[in-house]
Each structure stands twice: as structure tokens, then as C-alpha cells.
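Visitor: I have just opened this model and would like a short tour. Please tell me how each name is earned.

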Amino acid sequence: MLPPFKNEPYVDFTQPEPRSKMLAALREVESQLGKSYPLVIGGRRIDTPEGIISVNPARPSQLIGSASRATPEHAELAVKTAYEAFPAWSRVPPEVRARYLVKVAAILRRRIYEFSAWMVYEVSKSWPEAYADTAEAIDFLEFYAREMIRLGGSHPTTFFPGEENEVFYIPLGVGAVISPWNFPLAIFCGMTASAMVSGNTVVAKPAEQSPIIAAKLFEALEEASIPPGVVNFLPGYGEDVGESLTGHPLVRFVSFTGSKDVGLHVYRRIATPVPGQKWLKRAILELGGKNAIIVDASADLDAAAEGVVAAAFGFQGQKCSACSRMIAHKDVYTAILNRVVERASKLTVGDPTDGATFMGAVIDADAQNKIVGYFEIGSEEGRLVLGGKVIPGEGFFIPPTVFADVEPGARIAQEEVFGPVLAVIRAENFDRALEIANGTDYGLTGGVFSNNREHLERSRSEFHVGNLYLNRKNTGALVDVQPFGGFNLSGTDSKAGGRDYLQLFLQGKAVSERQ
């Protein structure tokens, strides 16, 4: 029997032992940079003529590695391979499938600094952000293993005389997992593990910006002896491989995390059955956000400023949960704005291989150019009080940027920037603050800093987001502590790391036998 689930603890990198272990891991990973990684379909490694090149965002001249680039033909092969592997894997007892996940978790735990170091290089995460990413991957594996054991077997039904009745859950079939680059280990791992432990087989396509850390996770899956064909590793581009997977008649579900626009395209694409498809595909979608933190007149302003800065600028604002709007009551507007600007101006921006760095580079040149475009928009729609210029140098560095006096309907207050840009909005009262907070197409995360009990209680029911945080930052959800997923156009409210999540990958079957 497995012990009760508990979250993987974090470490303090100001302490000598964690710091020395991370430095050693960075040196070890640096010695491995530049290698090539194949597709893996049914256990067979496939090298392709074209590769997906991964570079260090903080030092783009540094090659992290090259992943073989899949084609639609590879997608076809991978789906058929997964389809053929499904019958045998679906019959593996739930507790046995769970043990595979626990084994993978043990591998990651032993190599936690190494996996974290890969993310420092490949996606420019700071040491604490990278370590938290790896810890979350371990949490997903351990938690979903226990959840599958809980969901296995028969479930209670009401007794009916003369009959034996039972309900149990069975897997769906082949799933397409399409993961993002911003949590390249945790989300890729969680999406893949949840589908796999439920008895499904998977074709997993990591984001093209971060294929190497995904390849390293796939190596851990193989080390844990997961049978060939159960998970198939398929780096590729969304416009060809992604389209092939989402439109394939043998795919039963699509698990996608990414932008709103791409997610809506996926949703539309899978909504209509194609020839050869005899089921309705399921969509498990986690999309974007335009998340707000409200600071009311009674708030502890120092605590609020600390929470806003951490949520807005951690990992360069490249989190779907990031705070991109601060809505402040008019009586504390200037005071909280000044505190946020003061704290943000002291954040260190640079190469995250240096453990003192708080913010690394944004993911690539496209992201940098998009954010710069919002600098221009924000300068027209608000008052620039911090940042707003690209940091010179080789990497894709963007400073913490704050626009004040922004109107609620402005583009900078409505559109997801996915970068370290904060729009500050004034509210006349708490009613208006809630109205502004809810006034976007999204509904992912939100926060309220207040010492007014009435305002906190109203927020619980009236602040319409999937994850609401009171008197703390609105990022950093922990598995089974804050199950994560949003409302409205932020997704299908599929609560990753929650106790109902695996049922999205299962279907209930009722069996009745007359005695």
C-alpha cells in the first residue's frame, strides 16, 4: 500500500548544500548540451532529416539540443501504434499502472537537480522556478498513481432486490497530448501520466520550444519499463503534426495546454466527427488568462506588493496564472503602485545559470517582439512607470514593466501578453473592482488582498475564476492543494492535480445481472 500523498518539498538555494548540488547539476547538463534526440514510436527510435533546434533563450548562440521533427506520416504511425498497444495496456490492473508512475517519480526525485538544470538552460527558468517545476512533475506522478488505485474496481450503487449491480471505470483509447513550453516538465509529465495511468495510450507532442526536457522525461519513462507503444514521443510543429493528431479518427481525446486561440481551434477541430470516427472526442483544455489581483482599501499594502510582484514577474510573467492586472482601490492606489514599482525595480534580470537571478529571458525572439509590441500599445493606453525597453545583449531579456492609469477596456488590460507586463487600474470601490476583475473573456486565476471579511467572502462567490487566492499571490498552485483549471475561455475547468481529474480520461460502465 502506498503511503498518503504529500507534496514534494522545496529547497532553499541560499543554503550551501542545495546551492552546491544545483551548481554541479548545471555543470553536468552543460556537458551534455548539443545532442540529438529521435522520435520514439512503439519503442523504435526514428531520426528524421529535419530537426527542431532548441537554444538557450538567455544565450541563443548556445545549442541545447536537436529533436527529430515528426511529419504527418509519423503522426499516423504513432496513432496506429498507440491504437494497437491499447488493448493490452487497458487490461493492466490499475494498481500495476500506478506502480509505473511511482517508479518514474522515484527516478525524477533522484535526479531532481539535473532535470531542474535542463530547464534553466532550455527555457531560462530561475533556480527556484525550475526546481518547483520538477517537484510538481513528481507530485503529479505520485498523486495520479494514488488516484488511479482509488478509482479502480467497482463503485457503490444502491441495492436492488434480485440483481447484482456495479459501476466501474474503463479507459477511452488513444489520446493526443499537446503540451506547452512554459512548464516543459511538469505539464508535459502531468498530462501524459494522467492519460497513461488511466489505461489509455498516448501520442505526446511537446512544444517545439522545449523538446529536450521532454525527451529527458521520455527517457525516464523508458527507464521505468513502460511498455513500448503506451507513450509515443513525437516532437513536431502544431500546424502539421498537431493538426494530424487532433483530426485523426482513432484519437479519442485531446489534452491540450496553450494559448486561447490555438485551444479554440483545437476545440472546433475535434467537435465534428470525421469519417471512420464513431465517438465524440473529449477535449481537456487549459488555456490562457488575464488574471487580476484586487487590492482594497483595508489591505496590508506591503504584503500585497510582494504578492503582486512575485505573481506578475516570476518566470518573466510567462505563466497562464500570472498576475497581469492590479486593480487598486482609489484610496490606496498611489501607495500600492509605488510599492510595486519599488520592489519590481530591484528584481535581477539576466542569465539564470547565476543563482542570484530572479528573471531570465523570455522564451524566444517572437515572444520578445510580441511583448515589445505591447510596450507601444501600453504607452498609448496608460502611463509607463517602469521598464518598457528591451535589455540589450544576446538573450531575449525584457525588464519588469508597469503601466499605470490603465482603463479596464484597454487592450493592455484585456489581451494576454504572456510577459512581464503589469497593467494597473484604479477602482472607485470594491463593487467596481470585482466588476473590472470579471470583465474579460478569461477566468483562470485571481487574487484579493483585503482585511475586510465581507469583501473576502464576496470574492469567494463573485470573483469568477477557477483558482482564487486571498491574501497571497495568485500563482504557484500545488497538486491536490489547489487543483488547477479555469472558467470561461480559460479552458474546460479540467482541474489538473485534483481528485476528479482522472475521470476525464475514463468512462463509466454500469453492469447489471439478474440473479
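Guide: A crossing of two helices is right-handed if the near helix is turned clockwise from the far one by less than a right angle. This is a predicted model. In it, α13 and α14 cross in the right-handed sense.

Visitor: What are the angle and the axis distance for α13 and α14?

Guide: Helix α13 covers residues 430–437 and helix α14 covers residues 453–462. They pack at about 25 degrees, with axes 12 Å apart.

Visitor: Why is α13 called roughly parallel to α14?

Guide: Angles under 35 degrees count as roughly parallel. The angle here is about 25 degrees. Therefore α13 is roughly parallel to α14.

Visitor: Which residues of α13 and α14 meet?

Guide: Contact means heavy atoms within 4.5 Å. From α13 come Phe430, Asp431 and Leu434. From α14 come His455, Arg458, Ser459 and Glu462. By class, this contact has two nonpolar, two polar and three charged residues.

Visitor: What makes the pair α2 and α8 roughly parallel or oblique?

Guide: Helix α2 (residues 72–90) and helix α8 (residues 238–246) pack at about 30 degrees. The cut-off for roughly parallel is under 35 degrees, so this pair counts as roughly parallel. Their axes lie 8 Å apart, and the crossing is right-handed. Pro72, Ala75 and Val79 of α2 make the contact with Asp240, Val241, Ser244 and Leu245 of α8. Five of these residues are nonpolar, one is polar and one is charged.

Visitor: At what angle do α1 and α4 cross?

Guide: Helix α1 (residues 16–30) and helix α4 (residues 112–122) cross at roughly 65 degrees. Their axes come within 8 Å. The crossing is right-handed.

Visitor: Which residues meet there, in α1 and in α4?

Guide: On the α1 side are Pro18, Lys21, Met22, Ala25, Leu26, Val29 and Glu30. On the α4 side are Tyr113, Glu114, Ser116, Ala117, Trp118, Val120 and Tyr121. The classes are 10 nonpolar, one polar and three charged.

Visitor: Let us turn to the empty spaces. What makes one a cavity and another a pocket?

Guide: In a cavity a 1.4 Å probe fits but cannot get out, whereas a pocket is an open set. A search of the whole structure finds three cavities of 30 Å³ or more.

Visitor: What is the volume of the largest cavity, and which residues line it?

Guide: The largest cavity holds about 80 Å³ of space. A lining residue has an atom within 4 Å of a cavity point. Those lining the largest cavity include Gly289, Ala312, Lys319, Cys323, Glu416 and Phe418.

Visitor: How do you know that Gly289 is polar and Lys319 charged in that lining?

Guide: Gly counts as polar and Lys as charged, so Gly289 and Lys319 take those classes. The whole lining of the largest cavity has six nonpolar, four polar and two charged residues.

Visitor: What is the volume of the second largest cavity?

Guide: The second largest cavity has a volume of about 60 Å³. Of the 14 residues that line it, Arg325, Ala437, Tyr442, Gly443 and Val465 are closest to its centre. β12 (291–295) and β17 (442–443) each supply at least two lining residues. The classes are six nonpolar, six polar and two charged.

Visitor: And which residues lie nearest the centre of the largest pocket?

Guide: The largest pocket has a volume of about 1,400 Å³. Of its 49 lining residues, Trp181, Glu208, Gln209, Ser259 and Val262 lie nearest its centre. Elements that each supply at least two residues include β4 (51–56), α9 (260–271) and α12 (365–381). The lining divides into 21 nonpolar, 14 polar and 14 charged residues.

Visitor: Which element gives the largest share of the lining of the second largest pocket?

Guide: That is α5, with nine residues. About 950 Å³ of space lies in the second largest pocket. Glu136, Phe183, Lys319, Gly476 and Ala477 are the closest to its centre, out of 49 lining residues. The lining has 28 nonpolar, 13 polar and eight charged residues.

Definitions and conventions. Residues numbered from 1 in each chain as written. Predicted model: local features only at pLDDT ≥ 70, side-chain atom pairs only at ≥ 80, totals over all residues. Heavy atoms only, no water. 1 Å grid on protein atoms, 1.4 Å probe; cavity = no way out; pocket = protein on both sides within 12 Å on 5 of 7 lines; lining within 4 Å. Points joined across faces, edges and corners; volume = space filled by probe spheres on them. Helix = DSSP H or I, 4+ residues; strand = E, 2+ residues; numbered from the N terminus. Axes fitted to C-alpha atoms, helices over the stretch in contact; angles between N-to-C directions. Parallel < 35°, antiparallel > 145°, perpendicular 65-115°, else oblique.
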